[in-house]
Amino acid sequence: MKVETSRFGTIDIAEKEIVCFPEGLYGFEKETEFTLLPFNPNVESPMEWMQSLKSTHLAFVVTDPYLYVPDYKLKLSEEDKKRVQLQGDDTFLTRAIVTIPENYSEMTANLIAPLIINKDKGVAKQFVLTNMDYDTRHYLLPEEMRTAPATVH
Amino acid sequence: MLVLTRKIGESIKINEDVKITVIDVKGKNIRLGIEAPRETKIYREEVFLRIKEENKSAATSQKFDLGKVSQLMKDKLKK
């Protein structure tokens with residue numbers, strides 16, 4: 001299907017590339033369909049875009065939280081798994097939404113509300129962890145990498 | 001909304017397996033004790049508001065240099 005996007009122009013995506021969030025995302029309850037796209041077609045990146053199929057302008061930057069927080073603690077209960085149609089040991093993708101402020105080096109990932117994506121079924125949900133160790137703004141870069149503001153030349 | 005008055009030490013039960021007890025009251029603060037099955041998710045309500053706000057900031061913070069951001073992320077992963 002062809003989808004208009006403001007960032008990527010018209011994109012053509014296969015049915016199996018559609019990720020459905022039946023409840024939407026928090027604050028975006030009516031945005032129920034997205035697709036994952038490479039972050040930067042020219043360079044390999046640990047990040048991806050999650051583009052809305054409904055709103056041309058809406059795209060989130062997401063990343064795999066385990067790349068940055070290897071001991072990230074996320075345990076899905078049986079009830080949680082049912083919400084995204086996972087059974088037994090079915091595999092799923094875990095993604096955290098990234099916020100990129102003017103000073104890029106201060107970008108943060110939302111670790112308390114990860115996206116759990118069942119790629120095979122095309123179903124996903126933004127879960128809210130009860131683990132108090134995590135919050136909505138977890139710096140992705142360590143302090144020594146955060147000092148210099150990124151300037152555009 | 002159902003409104004109940006409870007004293008310190010008194011509880012309310014929700015269904016048969018959730019019990020919320022007033023532990024202490026100090027000024028405007030009330031300490032609650034919650035007993036519930038392990039899989040019950042208990043949140044401070046504000047967390048949902050913070051997540052909504054964060055999703056909105058994430059959705060609007062989009063004018064950046066893809067190459068530079070990618071490079072920063074990769075530099076971090078090399079360490």
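**Exercise 1. Strand partners**

Find the bridge partner of Arg95(A) in strand 9 of chain A.

*Solution.* The bridge partner is Leu115(A). Before going on, note that this is a predicted model: local features need pLDDT of at least 70, side-chain atom pairs count only at pLDDT 80 or more, and totals for chains, interfaces and linings use all residues. Residues are numbered from 1 along each chain as its sequence is written, chains are lettered from A and ligands numbered from 1 in the order in which they are written, and side-chain values use heavy atoms, with hydrogens and water left out.

Step 1: Helices (H or I, at least four residues) and strands (E, at least two) are DSSP runs, numbered from the N terminus. Two strands pair if DSSP finds at least two bridges between them.

Step 2: Strand 7 (residues 93–99) of chain A pairs with strand 9 of chain A in the antiparallel sense, over 3 bridges.

Step 3: Now look at strand 10 (residues 123–126) of chain A, which pairs with strand 9 of chain A, also antiparallel, over 4 bridges. Here Leu115(A) stands opposite Gln126(A).

Step 4: Follow the chain between strands 9 and 10 of chain A: they form a hairpin with 4 residues between them, and Gly122(A) in the turn has a positive phi of about 70 degrees.

**Exercise 2. Two faces of a strand**

Decide whether the residues on the two faces of strand 9 (residues 115–118) of chain A are buried or exposed.

*Solution.* Step 1: Recall the cut-offs: buried is under 20% relative accessible area, exposed is over 50%, and partly exposed is in between (1.4 Å probe, protein chains only).

Step 2: Leu115(A) and Ile117(A) on one side are buried, and so are Ile116(A) and Asn118(A) on the other. Both faces are covered.

Step 3: Try a residue of strand 7 of chain A, Thr94(A). Thr94(A) has a relative accessible area of 7% and is buried. Leaving aside neighbours within four places in sequence, its contacts (heavy atoms within 4.5 Å) include Tyr72(A), Leu74(A) and Leu115(A).

**Exercise 3. The sides of a helix**

Find which residues of helix 1 (residues 46–60) of chain B are buried, and which strands of chain A they pack against.

*Solution.* Step 1: The buried residues are Val47(B), Ile51(B), Glu54(B), Asn55(B), Ala58(B) and Ala59(B).

Step 2: They lie on the same side of the helix because they cover an arc of only 135 degrees around its axis (the arc is that of the directions from the helix axis to the C-beta atoms).

Step 3: On the other side, Leu49(B) and Thr60(B) are exposed.

Step 4: The buried residues pack against strand 6 (59–63), strand 7, strand 8 (108–109) and strand 10 of chain A.

**Exercise 4. Charged pairs**

Find the salt-bridge partners of Arg95(A) and Arg137(A).

*Solution.* Step 1: A salt bridge is a side-chain nitrogen of Lys or Arg within 4 Å of a carboxyl oxygen of Asp or Glu.

Step 2: Arg95(A) meets Glu48(A) at 2.6 Å, N to O. This pair links distant parts of the chain, with Arg95(A) in strand 7 and Glu48(A) in strand 5 (residues 47–52) of chain A, 47 residues apart. Arg95(A) counts as buried, at 11% relative accessibility.

Step 3: Arg137(A) meets Glu54(B), also at 2.6 Å, N to O. Arg137(A) lies in the loop between strand 10 and strand 11 (138–139) of chain A and Glu54(B) in helix 1 of chain B, so the pair joins two chains.

Step 4: Compare the partners: Arg137(A) counts as partly exposed at 48% relative accessibility, while Glu54(B) counts as buried at 5%.
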